[in-house]
Amino acid sequence: MLNRQGRKTRPEAGSEDNNNMTGETHSGHKGLQMDEPLLFEIGSPAKTGVDLPDAPTVDDKLGGLARDEEIGLYGLSEPEAVRHFVRLSQKNYAIDSGFYPLGSCTMKHNPRLNEKMARLAGFGDIHPLQPLSSVPGALKLMEELSDWLLKLTGMASIALSPKAGAHGELCGMMAIKAALDAAGSPRDVVLVPESAHGTNPATAALLGFKVRSVPADKDGTVRVDAVRAAMKAEGGGDVAAIMLTNPNTCGLFEREIKEIADLIHGSGGYFYCDGANFNAIVGRVRPGDLGIDAMHLNLHKTFSTPHGGGGPGSGPVVLSDRLAAFAPVPFLRRDGDTLTLVEETDGTQSFGRLTAFHGQMGMYVRALTYILSHGIDGLNAASGDAVLNANYIRAKLKDVLNQPFGDQASMHEVLFDESSLSGTGVTTLDLAKALIDEGFHPMTIYFPLVVKGAMLIEPTESESIETIDQFIDVMRSLISEAHEGQEDKFHAAPIHTPRRRLDETGAARKPILRWNAEN
Amino acid sequence: MRYLPHTKQSREAMLEAIGVSSIDQIFKDAGAPQIALDDFALPKHLSEMEVERHMAALAAQNRAAGAGPFFVGCGAYKHHVPASVDHLIQRSEFLTSYTPYQPEISQGTLQYLFEFQTQVAALLGGEIANASLYDGSTGCGEAVLMAHRLTRRKKAVLAGNLHPQYGAVVKTLSDMSGFEVVDGTVTPGGVEDLSTLIDDETSCVVVQTPDIFGTLHDLTKIAETAQAKGALLIAVVTEVVSLGAVKSPGSMGADIIVAEGQSIGNGLNFGGPYLGLLATRHKFVRQMPGRVCGETVDADGERGYVLTLSTREQHIRREKATSNICTNSGLCCLAFTIHMTLLGEKGLTKLSRLNHAKAVQLSQQLAEIEGVTLLNDQFFNEFTLKLEGRDAAEVTAQLAAKDILAGVPGGRLWPERDDVKDLLIVAVTETVTDADFDALVAGLKEALNA
C-alpha cells in the first residue's frame with residue numbers, strides 16, 4: 001500500500017523495516033492511548049495540589065488524640081492530577097463516545113443541562129439541616145418531581161429518599177411488611193420469578209421473607225396460573241407479596257399482570273413491581289392502572305441522571321393507597337401554602353427511616369430538568385423510540401440469532417440466546433469481546449439467568465438509525481465469521497483495548513484490594 | 001424534541017422493516033395497555049431556555065451555604081472543593097459510563113476505584129476498603145448487618161451520641177430484619193460508659209467520633225471491652241477531614257469503620273448524593289458488603305483491575321447475598337479520590353489543622369457570651385453550645401432571618417426530647433471567614449439579649 005506521497009504505508013512482512021512493527025513501544029504508550037501508573041507510583045506524601053491559608057496558632061483541643069503516625073496518602077500537583085485522571089478517563093467506554101446497548105441499564109443520553117441545573121448554588125450548595133424556612137425552593141422542587149412521578153405512574157403516594165433502585169426495593173418491601181404487621185398478618189413468603197433481577201430475592205431475604213420461585217411460561221412471561229400454583233405450594237395463604245418486573249427482564253410486557261394483581265390482592269397480599277424497565281412505557285402505560293402497590297423508579301435509567309461509572313443512583317418508590325401511610329420519613333406535607341418536611345415518625349404509621357437526610361437531591365434536580373425538557377409529549381416520544389429501536393434490532397437480527405421465547409414484539413430491549421452459535425466454538429462472551437474491538441459496548445450478557453448465553457440488547461431512544469444500522473451490520477458480520485470458523489479471532493478478542501481479557505478468577509482467589517508501599 | 005435523533009422518515013423506514021404500521025401498534029402487539037396522552041393531564045415539553053428559567057427561579061428561593069455566614073454540620077460539611085475536581089468528574093468517559101461490567105474498556109473507572117480503596121483504607125486505618133456504599137448512614141446499617149454475620153449474633157449496641165438519623169436507619173433495618181438494638185444514653189459533650197450495655201449476645205458496639213455533638217472519642221478501651229466479649233467495634237466518622245488531625249479509628253482498634261465521605265470532593269446537595277466509606281480487616285473481606293475492585297493481570301500479563309469477590313453479591317447469590325446492594329456511589333468516589341489526590345497527606349494535614357484552629361477560636365469567642373456554655377472539652381471542627389433557658393431552634397430562626405445560618409439546634413435532631421432543646425451544634429470549616437465569626441458572635445449576643 002502506497003500513500004499519496006508514493007511511500008509505503010506498511011513495511012513488507014519480513015523486511016528490515018518490520019523490526020518494530022509488533023505494536024510495542026518504548027514508553028508503554030500507544031499513540032493517544034497512555035499507559036498510566038497508579039497515583040501512588042507517581043505521587044508523593046510531600047506533594048500537594050491545594051494551597052490553603054495558614055492555620056491560626058491555638059492550643060489544640062484534640063484531647064490527646066492527635067495523630068502520631070503517617071496516614072499514607074499520596075499527593076499530586078494540579079497539573080499532574082489533571083493529567084492522571086484525564087488519562088484514566090480515556091480508558092473508559094461511555095455513552096458520549098459510542099453505542100452502549102447494555103440491556104436493563106437504559107444507557108440513554110445524559111443532557112448537560114441537567115448537570116448545569118444541579119450545580120446552581122441554590123440546589124448544590126444547600127445543607128440538609130439548615131432551617132427549612134431557608135430552602136422553600138428545594139421543597140417545591142421535590143414536590144414538583146413527586147407530582148410528575150405520581151401522575152406518570154398513576155399512583156397515590158411517593159417516598160423520594162431511597163438512594164438507588166435496590167434501596168427502593170427495600171423501601172417498597174418494608175412498606176409491605178409494615179402494612180402486614182399492622183394488620184397482624186404473619187405472611188412470610190415472597191414470590192419472585194426466575195427471570196428477576198438478583199436484587200429482588202436479595203431484598204426479600206434481607207427482610208426475613210422466604211423466597212419462592214415462579215417459573216415463566218414458554219412465551220417468557222409469568223402466567224396467572226403459575227402464580228396461583230406457587231401460592232398454593234406448601235400451604236397457600238402465606239404469600240406476603242409478589243415481586244414482578246414489568247416490562248420483564250426478557251424485554252416482554254407481562255400480559256396477565258392485572259389478573260396476577262387481582263389474584264394477589266384477593267388473597268390479601270401485595271404487588272411489588274420492579275420499575276427498572278419503566279423507560280419502555282413512560283408516558284404511555286400507567287403502572288397504577290395495572291394494580292400494583294409499590295414500584296421503584298430508577299432516576300438514573302428512565303430519567304437520565306448520569307450512571308457515573310456505577311452510581312450514584314436514585315430510587316424513589318411510588319405507593320398505592322394501601323401502603324401510603326407506611327412510607328418512610330422524611331416526606332413532604334402540604335398545608336395550604338405551607339410545604340414542610342416530616343422528619344420524624346412520631347404520630348405517623350411510617351415504617352422508619354432509610355437514610356440520613358432527604359435522599360438524592362442532586363438527582364431530583366437532574367430528573368426534573370429532564371422531565372420538564374421532555375414534557376408528556378417528549379416522554380411519550382422517547383419511550384416510543386426506545387421500543388421502536390429495540391424492535392428494529394430484533395427484526396434485523398432474528399434470522400441470525402435465536403429469540404428464546406419465539407418471535408414476538410418486544411418492549412425497549414430485545415433478548416437473544418446463544419443457541420444459534422452452537423458448534424462454532426464462539427460463546428456469548430466471545431461475541432461481546434469481539435464487539436468491543438468493533439467499537440461498541442456489548443449488550444448485557446448472561447442475564448437474565450433463565451436463558452442460556454443471554455444477550456439483552458437495549459438501544460434506548462438516544463440512537464440514530466445510522467448508529468443502529470452500523471451495529472446491526474457488525475453483529476451480522478461477526479456472526480457470519482463465527483459460522484465460518486474464525487473462532488480464534490473471537491477467543492483472542494479484544495485486542496484493540498488498553499487491556500485484553502483480564503483474569504477474574506485469579507483476582508478472586510487471592511484478592512489484592514489496595515496498593516501497598518511494599519509491593 | 002432535541003434529545004431524539006429520529007425523523008419522520010427514519011421512523012417510517014424502521015416500522016416498515018419491523019412490518020408494523022405504527023409505534024402504537026407495537027405496544028398493542030406486546031400487550032401493553034396505553035392510555036391517551038391527554039389523560040395524563042401533564043404539560044408539554046419546554047425549550048432549554050424555559051427549563052433553565054424555571055429551575056433557576058426555584059434555586060433562587062434557597063439560601064446557599066456560600067452566600068453568607070454558615071455554621072451547619074451534623075453529618076454534612078461545607079468544604080472548599082478545588083475547581084479541577086468538578087471539571088474532571090464531568091468528563092464524558094467518567095460521567096456517562098456505567099458499572100465496569102466489561103473491564104477491558106473500563107480500566108479508567110476500575111483504576112480509580114482501586115486508588116479510592118487504597119486511600120480509604122489508609123484514612124480510616126483499616127486493612128481494606130470497599131468501593132463505597134450509598135452514604136454514611138446506610139453504610140452504618142450495612143456494617144451492623146456485617147457484624148451480625150461475622151459474630152452470628154443479633155444485637156447491636158448504639159452509642160447515645162451516634163447521629164440520631166444514623167441510629168434511625170440502623171433501627172429501621174434491624175426492626176424489619178428481626179435484629180435487636182440497644183440504645184445508649186444521649187450525653188451532650190460527654191463520654192458515655194457503654195461497657196455495661198455489652199453482653200454475650202452483643203454483636204457490635206457502634207460509636208461515632210467526633211460524635212454528633214462534636215466530641216472526639218478515644219476508642220481504645222471500648223474496642224478492648226467489646227472484643228473481650230466477642231463483639232466487634234464499629235466506628236462511625238461523619239467528618240473525615242478530622243482524620244488529618246486525629247488518630248484513625250482503625251489504629252484505635254475498631255474492627256469495621258464506616259464514614260460519610262462527602263466532606264472530600266462532594267458538595268452539600270441538600271443531603272445527597274454522598275458516599276459511604278467502609279474499611280475493615282482483611283479476614284472479614286468475604287462478609288463485606290458492596291462492590292470491591294481488585295488487581296489482576298490480562299491475557300498479555302499486564303497489570304489491570306476488575307470487580308472481584310462478586311460471589312458475595314446479589315446478582316450471583318440472589319437471596320443468599322451479603323447485601324441487596326447493586327450500585328456504589330461511583331462519581332462521588334471519583335470526586336473523593338481526585339480531591340484527596342490533590343490534597344495528599346500534606347494538604348489534608350493542613351486542611352484539618354485549619355479547621356480545628358478556626359473551630360477552637362470561634363468556640364472561645366462564643367463561650368464568652370453571657371448565657372452560653374461550651375459543652376465539649378475535646379473536639380475537631382464542631383462543638384455544642386448550651387444556650388441557657390433558650391430554645392435553640394428559635395434562636396437559629398432569628399439568626400436565619402438575619403441571613404446567619406448558625407448551626408443545628410438539638411430540637412431538629414431529637415424533636416421528642418426536651419433536654420436538648422437549648423443546645424446548638426456549631427460547625428466551623430476552612431470556608432468560614434473572620435467576618436462570619438463576627439457576624440455570628442454579634443448575632444448570637446443580640447438574639448440572647450432579646
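A salt bridge is a side-chain nitrogen of Lys or Arg within 4 Å of a carboxyl oxygen of Asp or Glu. Keep that in mind for the first view, and remember throughout that this is a predicted model.

**View 1. A salt bridge links chain B to chain A.** Here the side chains of B:Asp24 and A:Arg284 come together, with 3.0 Å from N to O. That distance is within the 4 Å limit, so the pair qualifies as a salt bridge. In total, 12 salt bridges are counted between chain A and chain B. On the side of chain A that touches chain B, the largest share comes from helix H11 (residues 361-397) of chain A, with 27 residues. Sorted by class, that side of chain A holds 105 nonpolar, 52 polar and 47 charged residues.

**View 2. Chain A and chain B meet across an interface.** In this view, 204 residues of chain A are in contact with 190 residues of chain B. The two chains bury about 16900 Å² between them, and 64% of this area is on carbon and sulfur atoms. Look for A:Lys61, A:Leu65 and A:Leu513: they supply 5% of the area that chain A buries against chain B, more than any other three residues. There are also 100 residue pairs in polar contact across the interface, counting pairs with both residues at pLDDT 80 or more.

**View 3. Seven strands of chain A build an open, mixed sheet.** Follow the strands in the order S1-S7-S6-S5-S4-S2-S3. At the edges you will find strand S1 (157-159) and strand S3 (210-214) of chain A, each pairing on one side only. Neighbouring strands are turned by 25° against each other on average, direction ignored. Strand S2 (residues 189-193) of chain A runs parallel to S3(A), and five bridges join the two. Within this pair, A:Pro193 stands opposite A:Val214.

**View 4. Helices H5 and H6 of chain A lie across strands of the seven-stranded sheet.** Helix H5 (residues 136-153) of chain A crosses S1, S6 and S7 of chain A, at about 125° to S1(A). Helix H6 (residues 165-182) of chain A lies across S1, S2, S4, S5, S6 and S7 of chain A, and runs at about 175° to S5(A).

**View 5. A hairpin in chain A joins S8 and S9.** Strand S8 (residues 331-335) and strand S9 (residues 338-342) of chain A pair in the antiparallel sense over five bridges. One bridge matches A:Arg334 with A:Leu339 in S9(A). Two residues sit between the strands, and A:Gly336 in the turn has a positive phi of about 60°. In the loop between helix H10 (321-324) and S8 of chain A lies A:Pro330, whose peptide bond from A:Val329 is cis, with omega near 0°.

**View 6. Four strands of chain B form an open antiparallel sheet.** Their order is S10-S11-S13-S12. Strand S10 (372-374) and strand S12 (408-409) of chain B each have a single partner strand, so one side of each is left without a neighbour in the sheet. Strand S11 (residues 382-387) and strand S13 (residues 423-427) of chain B are joined by five bridges, and B:Phe383 stands opposite B:Val426 in S13(B). Helix H11 (residues 330-367) of chain B lies across S10, S11 and S13 of chain B, at about 5° to S11(B).

Technical notes: Residues numbered from 1 in each chain as written. Chains lettered and ligands numbered in written order. Predicted model: local features only at pLDDT ≥ 70, side-chain atom pairs only at ≥ 80, totals over all residues. Heavy atoms only, no water. Pairing = 2+ DSSP bridges. Contact = heavy atoms within 4.5 Å. Axes fitted to C-alpha atoms, helices over the stretch in contact; angles between N-to-C directions. Buried area = accessible area lost by both parts, 1.4 Å probe. Polar contact = N/O pair within 3.5 Å; in protein donor to acceptor, adjacent residues only side chain to side chain. Nonpolar A, V, L, I, M, F, W, Y, C, P; charged D, E, K, R; others polar.
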